[in-house]
Amino acid sequence: MKTITVGVLGAGRIGRLHTDNLLRMPGVRVKAIADPFVDFTGWPPDGVATGVDPGLVLGDHEIEAVLICSPTPTHAPFTEAAAAAGKHVFCEKPIDLEPGRIRRTLEAVERAGVKLQVGFNRRFDPTFARVRRAVVDGDVGTVQIVKITSRDPEAPPVSYVQSSGGIFLDMTIHDFDMVRFLTGGEVAEVFAMGAVLIDPAIGEAGDIDTAVTTMVMADGALAVVENSRQAVYGYDQRVEVFGSKGSAEAGNETPNRVTVSGADGVRADNPLYFFLERYQASFLAEMAAFFDCIRDDREPPVGGLDGLMSVLVGQAAARSIVERRPVPVERP
Amino acid sequence: MNHITVGVIGAGRIGRMHTENLVRAVPGARVKAVASPHLDQGWARSLGIPVVATDNDVVFDDPEIEAVVIAAPSGRHCELVERAAAAGKHIFCEKPLAFEPGPIEAAGRAAREAGVVLQVGFNRRSDPSLVDLADTVQSGGVGEVQTLRVTNRDPKAPPVDFVKRSGGLFFDFVIHDLDTVRFLSGSEIVEVFAVGAVLVDPAIGAAGDIDTAVVTLRLASGALAVIDASRQAVYGYDQRFEVLGSVGSVAVDNLRPSTRVLSTTGGVVTRTPYGGFVARYRDAFVAELRSFVEAVSAGDPVVATADDALAAVRAAAAARASLASGRPVRLESAAMAAAGDATS
C-alpha cells in the first residue's frame with residue numbers, strides 16, 4: 001500500500017481525534033501539525049513536527065494531503081491554500097457559513113484538481129450506512145417520510161453559540177446532510193419552528209435550542225428533523241426512513257446490551273454520551289475512505305457539493321424561523 | 001350494582017364493536033336497544049338485546065334508557081347529540097362530532113343545558129399505555145415538556161369513497177393525534193404548520209385529499225410537537241408516542257399481537273404491530289365505555305369532552321388552512337376563518 005504523507009491544521013478536540021486515528025492507520029504518515037493556540041507538551045508523539053504556523057503544513061512539499069480541523073472561519077482560506085499547493089483536502093464541516101464563499105472555495109479546488117472530502121462523519125456510521133443500504137436495496141420501496149431525532153446531551157456554552165452560525169448551521173447541518181444521504185435526493189423547501197426551552201442565554205444570544213424542521217424533497221417525499229440542545233439522558237440519535245414497502249429504523253447505541261429488571265422497572269444504561277463515543281467508528285471510516293480515494297484516484301463519497309448543500313438547507317431553515325414561512329432551498 | 005340502561009344508535013363497524021363491548025365487558029351497563037337502518041337481527045339477538053329498531057326514536061322515546069352511544073355516520077353526530085340531550089339522555093358520541101366548530105359548540109351547549117354527560121370517542125385517552133404516558137408527563141416525570149412526537153400510520157389506505165366523506169386526512173385521522181398532543185401535554189395548540197403529499201394512492205389525490213403529512217405544532221406552554229401521518233404502512237398499524245422534557249423523555253412503542261422472535265441466518269424477525277385500530281386499541285375501547293358509565297353513575301370526570309372535540313377540530317382546520325396557504329397558521333385566525341366558512 002502506498003503511504004500518504006499528511007499534515008493537520010488545528011489541534012483542538014477533533015484535530016487530535018483524527019490525528020490519533022491516523023497515527024494508527026496503515027498507509028498514512030502524519031508529518032506535521034500546526035495550531036497557533038495549542039500547547040503541544042506531551043502530544044503528539046515523537047516524529048510529528050508541531051508549530052504555530054500553517055506554513056509548516058502548507059509549505060511542505062512532501063505533504064500530499066491536509067486535514068483542516070481549525071475554527072470554521074479558517075476552513076475556506078486553508079482549503080484554498082492547500083488546493084493551490086496541490087494538496088488533497090479533508091475539511092471539517094462547515095466549509096464556511098456563507099454559500100458564496102463556499103462556491104469560490106469549490107472553484108479553487110476544481111481548478112487545482114485535488115480531492116476534497118467534507119467531514120460529514122455520520123455517513124460512515126455503520127448503523128446509518130445500513131439504513132441507507134435498506135433504501136438502496138429497495139427494502140423500504142419509494143421513500144415517503146424521513147424522520148430524524150437529533151438531541152445533544154448538554155447545551156454548548158453561549159460563547160460557542162455566538163460564533164457557531166446558530167443551531168441549523170452547527171448542529172442540524174449534520175441532520176440535513178443525513179436526509180440527503182438517506183434519500184439520495186435534494187431538499188426543495190424548508191420550514192422550521194423553533195423555541196428557547198433549555199437555556200434563556202441561548203435565546204439572548206439570538207439562537208434557539210429546540211427546533212422542528214420539516215422539509216419537502218425534490219421528489220415529493222417529506223422529511224422532519226427534531227432537535228434539542230439538551231437531552232439529559234444522553235446523545236439521542238435516531239433515524240427512520242418510511243416508504244411504500246416498509247421502513248428502516250435505527251435506534252440509539254448503548255455501551256452494552258444489559259437490562260436490569262427489578263420490582264420498580266426494567267432498566268438499561270443510557271445511550272453513549274456524546275459524538276466522540278457514539279461516532280467513534282465513523283471517524284475512523286471517513287479517514288480510511290479519504291485516503292483510499294486518494295490512492296485509487298476516486299472522488300470522495302462526500303464532497304464539496306454536499307458541504308455546500310447542507311449550508312444552503314441550513315440557511316433556508318434559519319430564514320424560515322425569521323420570516324415564519326417555508327423557504328425554498330437555493331440552488332447550488 | 002346499579003345498572004345504566006343504554007341505547008345504541010348506529011350499528012356499523014364501530015357501533016357493533018361498542019355494543020359488544022357494552023354487553024360483554026362493561027359491568028355497569030345494560031344495552032336495551034339498538035337502532036340502525038341496516039341491522040343484523042341475529043347479531044343483536046345473540047347479544048340478548050331486547051329491542052331492535054330501524055327508527056332512532058325508539059331509543060330516544062324510551063324513558064327507561066338513560067344513556068345513548070352514538071355511532072351513526074359522522075355527518076349526523078351533532079344532530080343526534082342535540083336530539084339525545086333534548087330527551088335528557090347522557091351521551092357517548094364517536095369522533096368527530098363535526099368538521100366545523102359551530103355545530104360542536106351547539107352540541108356541547110345542548111348537553112350542558114340539559115345537564116347530561118357528553119363524552120367524545122377519543123379512544124386513545126383511555127388506552128392504558130397512553131394514560132400511563134400522560135400520567136408520567138403530568139406528574140413531572142420528564143420535567144417541563146419541550147417536544148412531543150406522534151407517529152400515526154394506518155396499515156392500509158381506506159377506499160376513496162370513504163376518503164370523500166371522511167372530512168379528509170386531518171379531520172378523520174390526524175384529529176386523533178391533535179387530541180393526543182393536547183392530552184399528553186395538557187397544553188393548547190396555538191400554531192400549526194402542515195406539509196402534505198399524495199404518495200400512497202393517486203386516487204386519494206384525485207379526490208382532493210392527501211395521504212401523507214407532517215404537521216408541526218406550537219403549544220401555549222411554548223413546547224413544540226410534530227405529527228407524521230400516513231394512510232398506509234405496509235407493516236401494520238404504527239402508533240408511537242414520545243415526550244421530551246427537561247429531565248428526561250418518555251415513550252410508548254407499538255404493541256404486537258405476539259412477542260415471538262425468530263432468529264435464523266436470514267436475520268432476526270419479530271411480528272409486525274397490530275393490524276388495525278380495533279385490535280391495537282381493544283382495551284381502550286372498553287375502558288372509554290367503562291369511564292363513560294362511571295361518569296354517568298358516579299359523576300366521574302368525562303375523559304374527552306365537547307371542548308376537547310372543539311379544540312381538535314380547530315387545530316385540524318388550521319392544518320387544512322396551512323396546507324392550502326403554505327404558511328403556518330395561528331389558531332385564533334384559524335378559528336375565525338372556520339367561523340367565516342360556517343356562516344358563508
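**Stop 1: β8 and β15 of chain A**

Select β8 and β15 (residues 327–328) in chain A of this predicted model. The two strands run antiparallel and are joined by two bridges. Show A:Val190 and A:Val327 as sticks: A:Val327, in β15(A), is the bridge partner of A:Val190.

Now add β9(A) to the selection. β8(A) and β9(A) are also antiparallel, with eight bridges between them. For one pair to zoom in on, take A:Phe191, whose bridge partner in β9(A) is A:Thr214.

Is β8(A) mostly enclosed or open? Seven of its nine residues are buried, so the rest of the structure largely encloses this strand.

**Stop 2: where chain A meets chain B**

Keep β8(A) in view and bring up chain B. The contact between the chains involves 27 residues of chain A and 27 residues of chain B. On the chain A side, the elements that supply two or more residues are β7 (143–151), β8 (187–195), β9 (210–217), β10 (222–228) and β12 (246–250). Colour that side by residue class and you will find 15 nonpolar, seven polar and five charged residues.

**Stop 3: the parallel sheet of chain A**

Stay in chain A and select β1 to β6. These six strands make an open sheet with parallel pairing, in the order β3-β2-β1-β4-β5-β6. Which strands stand at the edges? They are β3 (49–51) and β6 (116–118) of chain A; each has a single partner strand, so one side of each has no neighbour in the sheet. On average, neighbouring strands here are turned by 20 degrees against each other, ignoring direction.

Zoom in on the β3 edge. Strand β2 (residues 28–34) of chain A runs parallel to β3(A), and three bridges join them. Here A:Ala32 stands opposite A:Ala49 of β3(A).

**Stop 4: A:Pro94**

Next, click on A:Pro94, in the loop between β5 (88–91) and α4 (99–112) of chain A. Is this loop residue buried or exposed? A:Pro94 has 24 C-beta neighbours inside 10 Å, so it counts as buried. Setting aside neighbours within four places in sequence, A:Pro94 is in contact with A:Thr72, A:Leu169, A:Ile173, A:Gly307 and A:Val311. If you would like to try the distance tool, pick A:Arg295: its C-alpha is 25 Å from that of A:Pro94, and the two are 201 residues apart in sequence.

**Stop 5: chain A as a whole**

Zoom out to all of chain A, which has twelve helices and 15 strands. Its C-alpha atoms fill a box of roughly 60 × 50 × 45 Å along the principal axes. Its radius of gyration is 20 Å, in agreement with the value near 20 Å for a compact globule of 332 residues. Of those 332 residues, 51% are buried. Among chain A contacts with a separation of 6 or more, 70% are between residues 24 or more positions apart.

**Stop 6: the mixed sheet of chain B**

Switch to chain B and select β7 to β12 together with β15. Seven strands form an open sheet of mixed pairing in the order β12-β11-β7-β10-β9-β8-β15. The edge strands are β12 (248–252) and β15 (329–330) of chain B; each pairs with a single strand, so one side of each is left without a neighbour in the sheet.

Within this sheet, look at β7 (residues 145–153) and β11 (residues 238–245) of chain B, which pair in the antiparallel sense over eight bridges. B:Val150 has B:Phe241 in β11(B) as its bridge partner.

Now turn on the helices. Helix α6 (residues 128–138) of chain B lies across β7, β11 and β12 of chain B, at about 170 degrees to β12(B). Helix α8 (residues 169–185) of chain B also packs on the sheet, touching β7, β8 (189–197), β9 (212–219), β10 (224–230) and β11 of chain B. The direction of α8 makes about 150 degrees with that of β7(B).

**Stop 7: the nonpolar core**

Finish with the largest nonpolar core, which has 211 residues. Those with the most contacts inside it are B:Ile70, B:Val81, B:Ile91, B:Val174, B:Val192 and B:Ala316. Helix α12 (residues 306–325) of chain B gives the largest share of this core, 13 residues. Centre on B:Val192: beyond its neighbours within four places in sequence, its contacts include B:Val215, B:Leu217, B:Ala315 and B:Val329.

Terms used: Residues numbered from 1 in each chain as written. Chains lettered and ligands numbered in written order. Predicted model: local features only at pLDDT ≥ 70, side-chain atom pairs only at ≥ 80, totals over all residues. Contact = placed C-beta atoms within 7 Å. Helix = DSSP H or I, 4+ residues; strand = E, 2+ residues; numbered from the N terminus. Nonpolar A, V, L, I, M, F, W, Y, C, P; charged D, E, K, R; others polar. Core = buried A, V, L, I, M, F, W, Y, C linked by C-beta atoms within 7 Å. Buried ≥ 20, exposed ≤ 12 C-beta atoms within 10 Å, placed from the backbone. Pairing = 2+ DSSP bridges. Rg over C-alpha atoms; globule rule 2.2 N^0.38 Å. Axes fitted to C-alpha atoms, helices over the stretch in contact; angles between N-to-C directions.
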